[in-house]
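Me: I am new to this structure and would like a close look at one part of it, a pocket, together with the parts of the chain around it. Please take your time and connect the pieces as you go.

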Amino acid sequence: MVSGTLSTDVVTVAGLTVKNQTFAETHKEPGIAFLAAQFDGILGLGYPEISVDGVTPVFLNIVNQGLVSEPVFSVYLNPNSSAEEGGELILGGSDPKYYEGNFTYVNVSKKGYWQYPLQSITVGGKLVAEDIQAIADTGTSLIVGPSEIIDPINKDIHADSDGSVDCDKIDKLPVIDFNINGVSYNLTYHEYILQVNIFGFPRCTSGFQASNLPFLIMGDRFLIRYYTVYDMGNNRVGFARSK
């Protein structure tokens with residue numbers, strides 16, 4: 001369990017000065033996440049309904065203090081993990097340089113996480129799940145969800161029990177479609193298969209992971225394909241194809 005203290009100070013984010021922002025200073029963290037990861041902390045951008053001890057999240061304070069012209073933020077994730085620029089967070093708008101076309105929106109179904117209804121998932125045209133609750137989450141690398149949803153997907157993409165996939169056959173893997181508010185968002189193996197080299201040997205792994213969560217986490221495997229805007233003013237999430 002994480003332990004620490006709550007502190008209040010002036011916080012500056014992307015040139016915006018946020019007054020009286022309360023945040024947690026941790027003294028003890030479980031595991032090695034903060035030792036192994038290349039970051040120093042977590043900037044939560046969810047709704048206050050899930051805030052620990054009722055602390056007002058930083059983006060809500062940004063909005064309440066009139067620091068942005070509209071109560072939205074957006075995220076671009078670079079699919080090239082070795083690129084110097086890993087992505088972009090825009091507070092108060094979006095950046096057309098990183099997406100094409102128009103945003104299509106889905107209403108938030110439950111405030112807390114950025115949660116929304118997902119009508120169906122098909123793999124190569126075959127229905128594997130429908131009427132699901134999902135959340136958009138940049139803090140999760142994979143697409144994570146209940147085993148009754150994830151296991152059939154991993155079976156259809158020929159993933160072993162440890163998630164391994166034959167690298168020589170990934171170009172034959174099916175397209176996976178997510179129907180969100182009547183709009184089809186597809187992923188190819190380029191997005192949902194992680195390809196790495198270990199000591200000069202290629203290794204391919206499924207980007208889908210089973211858990212005991214009651215909803216589907218649409219993590220970075222989905223978000224590298226779709227630029228995402230989080231509209232707190234209208235309580236909705238918008239997606240557009242990343243360039």
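How many residues line the second largest pocket, and which of them lie nearest its centre?

Reply: This is a predicted model, in which local features need pLDDT of at least 70 and side-chain atom pairs count only at pLDDT 80 or more, while totals for chains, interfaces and linings use all residues. Residues are numbered from 1 along each chain as its sequence is written, and side-chain values use heavy atoms, with hydrogens and water left out.

The second largest pocket is lined by 21 residues, and Asn78, Pro79, Ser81, Arg221 and Ile224 are those that lie nearest its centre. A pocket here is an open set of points on a 1 Å grid over the protein atoms alone, where a 1.4 Å probe fits, with protein on both sides within 12 Å along at least five of seven lines, and a lining residue has an atom within 4 Å of a point. The space in this pocket is about 600 Å³, a volume being the space filled by probe spheres set on the points, which are joined across faces, edges and corners.

Two or more lining residues come from each of helix 4 (189-192), strand 13 (193-198), helix 5 (220-223) and strand 18, and strand 13 gives the largest share, four residues. Helices (H or I, at least four residues) and strands (E, at least two) are DSSP runs numbered from the N terminus. By character, the lining divides into seven nonpolar, eight polar and six charged residues, where Ala, Val, Leu, Ile, Met, Phe, Trp, Tyr, Cys and Pro count as nonpolar, Asp, Glu, Lys and Arg as charged, and the others, Gly among them, as polar.

Strand 18, one of the contributors to the lining, also belongs to an open sheet of five strands, whose order is 4-3-17-18-5 and whose pairing is antiparallel; two strands pair if DSSP finds at least two bridges between them. At the edges of this sheet are strand 4 (87-91) and strand 5 (99-107), each of which pairs on one side only. Strand 5 is joined to strand 18 (residues 236-242) by six bridges, the two running antiparallel, and Glu100 stands opposite Arg241 of strand 18.

Strand 3 (residues 72-77) of the sheet takes part in aromatic pairing through Phe73, whose partner Phe59 sits in helix 2 (residues 58-64), 14 residues apart from it. This pair is edge-to-face, with 5.0 Å centre to centre and 70° between the planes; rings of Phe, Tyr and Trp (its six-membered ring) pair if their centres lie within 6.5 Å, and planes under 30 degrees apart count as stacked, over 60 as edge-to-face and the rest as tilted. Both Phe59 and Phe73 are buried, that is, under 20% relative accessible area, whereas exposed means over 50% and partly exposed lies in between (1.4 Å probe, protein chains only). The rings of Tyr76 and Tyr98 have centres 4.2 Å apart and planes at 15°, so this pair is stacked. Tyr76 lies in strand 3 and Tyr98 in the loop between strand 4 and strand 5, 22 residues apart, and both are buried.

Beyond strand 13, the loop leading to strand 14 (201-206) holds Gly200, which is exposed, with a relative accessible area of 62%.
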